[in-house]
Amino acid sequence: MTSIQRTLAWVLIAGFGTLLGAGGGLIYLLFREALIERFDAKLRVEALTIITYTVQERDGVDVDFTDRYIREFDDDVATQFFQVWHPKGRTIERSGSLKGKSLPKPETFGTLDKPVYWDLRLATGQRLRAIGLRFVPHADSNDRRRYDPNLNLELVVGALRGELDQTLASLRLGLLGAGSISVAGALILVRFALRKGLAPLRQVADQASAIDASTLGTRFPTDRLPVELVPICSRLNELLARLEASFEHERRFSADVAHELRTPIAELRSLSEVALKWPPRAVEATRNYEESLAIARRMESLVLALQTIARSETGGTLVFAEPIRLPGFLDRVWTGFASLADQRDLRVEWDMGEDLRVVADPILLEMVIANLFANAVEYTPAGGRVHVSCESGLRDEVTIAISNSTRDLTPADVPRLFERFWRKDASRTDSRHAGLGLALVRAVAQCLGARVSAGMPGPETLVLRLTGLRRPAEG
Amino acid sequence: MRILVVEDSGPLRRSLTTALQHSGYVVDATGDGREGFWFAEGNHYDLIILDLMLPGMDGLAFLKQLRARSDNRHVLVLTARSAVEDRVVGLRAGADDYLVKPFALEELLARVDALCRRSYGQKHSVVRFADLEIDLAGRVARRGGQPLDLTPREFRLIEFLALRRGEVVSRFEIEQHLYDAAADPLSNVVESAICTLRKKLGGSDARPLIRTRRGMGYILEVE
């Protein structure tokens, strides 16, 4: 599993190490160049000294230089060496430090202005840095006639590199040591910085891992968070709020279902227990059976309504749309409620307008309309008014509105009308209603591609509107 | 013992009434909260079995109003609300016991029995007076160790007198306790029941236990 802290630590340490190595290497090279340059400059000075003492005389070339002038060329000290060759190859002069041996020549000699420098190794194994050049020795001041301007003598001056190499080795060791300490320090610093820098992330992770279904009310505090984490925690808080609402909805729904089933189960249980303990007479037994059947039917309708709502909400309902002529359709659905409306002395008004048609699934539409009619007929006070109307709106949409008079509803109740199991009267006296009718209407209306809404245009009038039904295409 | 059942579910109300009547209680039942409160105001009940979600008057409002009048009659709340907070609300409103639907009938009857006994400060289910022994749970009465052949109403009468032993119990109280709201207040059912009970209690040489205080009522005492 990847870890931000580990990845950052590796990248930072590797990056720091690389930069440190490159920097150290550069410093070493610059120092090395400077030291060698100084070394070469010293060699050049030594070479110029020897050239200064080299003179063309009557009987040839004389190198008027003794090792005593510069002790390093002496065979006692023997840290510097030189040898001068005639163009024809014979040695004109060599330092005592060579002890009669010769210095190796370079592949090509330089000039006084541009001498060559190179490293070489003596037969003794000693490493030297050397300068090689050709020069014309100056004339004897007393006898200028002997001067040959084309006499190019070859000169090699070398010096032991030991001190230089030691200095360079110390520099390398110093840089390596400093680099190692820096990397180790950086490792500790990076770990500390990452631990401190990632602490808020770890806190958020700890808080997040402590959240379960029972603590969905938890929110991540964003006021003290680093700005990088604020958007993440804000989104997480929004997600938690949605989850909490969803869980609460499901919890309430489960509690409602359990609550709705408790009373009918208690009824069935008590009927059975009483009948077993005190066997009833035939008439009472028949009544018990009838009551049991009514309770079972009520529970069945509750379960069916819940199933229909669940299926509609999850899009599991098959929809077979076909053209429907609304006046005839509504009239047919109304026949199931006409008798009850008469019994309750309701005044029913119809406003069908034109002969409207819609394209919808007739079974689902009947389910919606029947529930709306049932709602109007059963909840309208006796002697009240029910008004059914259809109208065509914009974009070929048709609206069916059913309004009825009401006494106990208030505008505050309207938003709750479509909640599952909501009833104005909390008691379950009217056992025919589980408070699922309008929730079912809304879910099924969604399947039809329509919407259902409620409103109270007046203090004692409730209007339920089914909108968004489509008219058939022209022609 | 007289019990008021206020439950809006018809089948449940009828089952409860049947079970309680068979268990020897006098039961008045209604499905409306307001009517139930009216019953409670006008009658003496040893126990009120109360649903919470009621038409007319909510069960909690019923309970609060009852307690606001310093009415300490025992109330058993019977409801589908099962959450702990619902129980707490019910008990804090003044309920003496809380039973969640669905319930076992035996449990309900046991709780009813316990609450009714508590109405008379009786913790044990057996009441002893002289050589009379009344097993309230087993619904059996014995005198001198011999079981008495009593009808349910006669048993309730001797039980009522025994629970209030040493006190004069008026004819009206007995009538209230033994007969439901449908009984005719002008009839002599109480005198008739006392007479029958005396015969069954003192059939042999036993000393009379039920004495009449003229103009006041009856008392269970030994001479």
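The paragraphs below lead through a predicted model, taking up a sheet in chain A, a pair of helices in that chain, a sheet and a pair of helices in chain B, and the contact between the chains.

A good place to begin is the open sheet of chain A, in which five strands lie in the order β4-β3-β8-β6-β5 and pair in the antiparallel sense. At its edges stand β4 (91-94) and β5 of chain A, and because each has a single partner strand, one side of each is left without a neighbour in the sheet. From one strand to the next, the twist averages 20°.

Within this sheet, strand β6 (residues 127-135) of chain A deserves a closer look, since seven of its nine residues are buried and the strand is therefore largely enclosed by the rest of the structure. On one side β6(A) pairs with strand β5 (residues 116-121) of chain A, in the antiparallel sense and over six bridges. Two of the residue pairs can be followed by eye: Asp119(A) has Arg129(A) as its bridge partner in β6(A), while Tyr117(A) has Ile131(A). The hairpin of β5(A) and β6(A) has five residues between the strands, and in this hairpin Gly125(A) takes a positive phi near 95°. β6(A) also pairs with strand β8 (residues 153-160) of chain A, again in the antiparallel sense, this time over eight bridges; here Ala130(A) stands opposite Gly158(A) in β8(A). As a general point for reading such a sheet, the side chains of a regular strand alternate between the two faces of the sheet.

Further along chain A, the axes of helix α6 (residues 326-343) and helix α7 (residues 362-379) come within 10 Å and cross at roughly 25°. Angles under 35 degrees count as roughly parallel, and α6(A) and α7(A) are therefore roughly parallel to each other; the crossing of α6(A) past α7(A) is right-handed. On the side of α6(A), the contact is made by Leu330(A), Val333(A), Trp334(A), Gly336(A), Phe337(A), Leu340(A) and Ala341(A), and on the side of α7(A) by Glu366(A), Ile369(A), Ala370(A), Phe373(A), Ala374(A) and Val377(A). By class, the residues of this contact of α6(A) with α7(A) comprise 11 nonpolar, one polar and one charged.

Turning to chain B, the reader finds an open sheet of four strands in the order β6-β7-β8-β9, with antiparallel pairing. Its edges are β6 (126-129) and β9 (146-147) of chain B, each with a single partner strand, so that one side of each is left without a neighbour in the sheet. Strand β8 (residues 140-143) of chain B is joined to β9(B) by two bridges, the two strands running antiparallel, and the bridge partner of Arg142(B) in β9(B) is Pro147(B).

Chain B also has a helix pair, formed by helix α2 (residues 33-42) and helix α3 (residues 59-68), whose axes come within 10 Å and cross at roughly 25°. That angle makes α2(B) roughly parallel to α3(B), and α2(B) passes α3(B) in a right-handed crossing. Gly33(B), Gly36(B), Phe37(B) and Ala40(B) of α2(B) meet Gly59(B), Phe62(B), Gln65(B) and Leu66(B) of α3(B) in this contact, whose residues divide into four nonpolar, four polar and no charged.

Finally, the two chains touch each other, in a contact that takes 20 residues from chain B and 20 residues from chain A. On the side of chain B, the largest share, seven residues, comes from helix α1 (residues 10-22) of chain B, and by class that side has 11 nonpolar, five polar and four charged residues.

Technical notes. Residues numbered from 1 in each chain as written. Chains lettered and ligands numbered in written order. Predicted model: local features only at pLDDT ≥ 70, side-chain atom pairs only at ≥ 80, totals over all residues. Axes fitted to C-alpha atoms, helices over the stretch in contact; angles between N-to-C directions. Parallel < 35°, antiparallel > 145°, perpendicular 65-115°, else oblique. Left-handed = near helix turned anticlockwise from the far one by under 90°. Contact = placed C-beta atoms within 7 Å. Nonpolar A, V, L, I, M, F, W, Y, C, P; charged D, E, K, R; others polar. Buried ≥ 20, exposed ≤ 12 C-beta atoms within 10 Å, placed from the backbone. Pairing = 2+ DSSP bridges.
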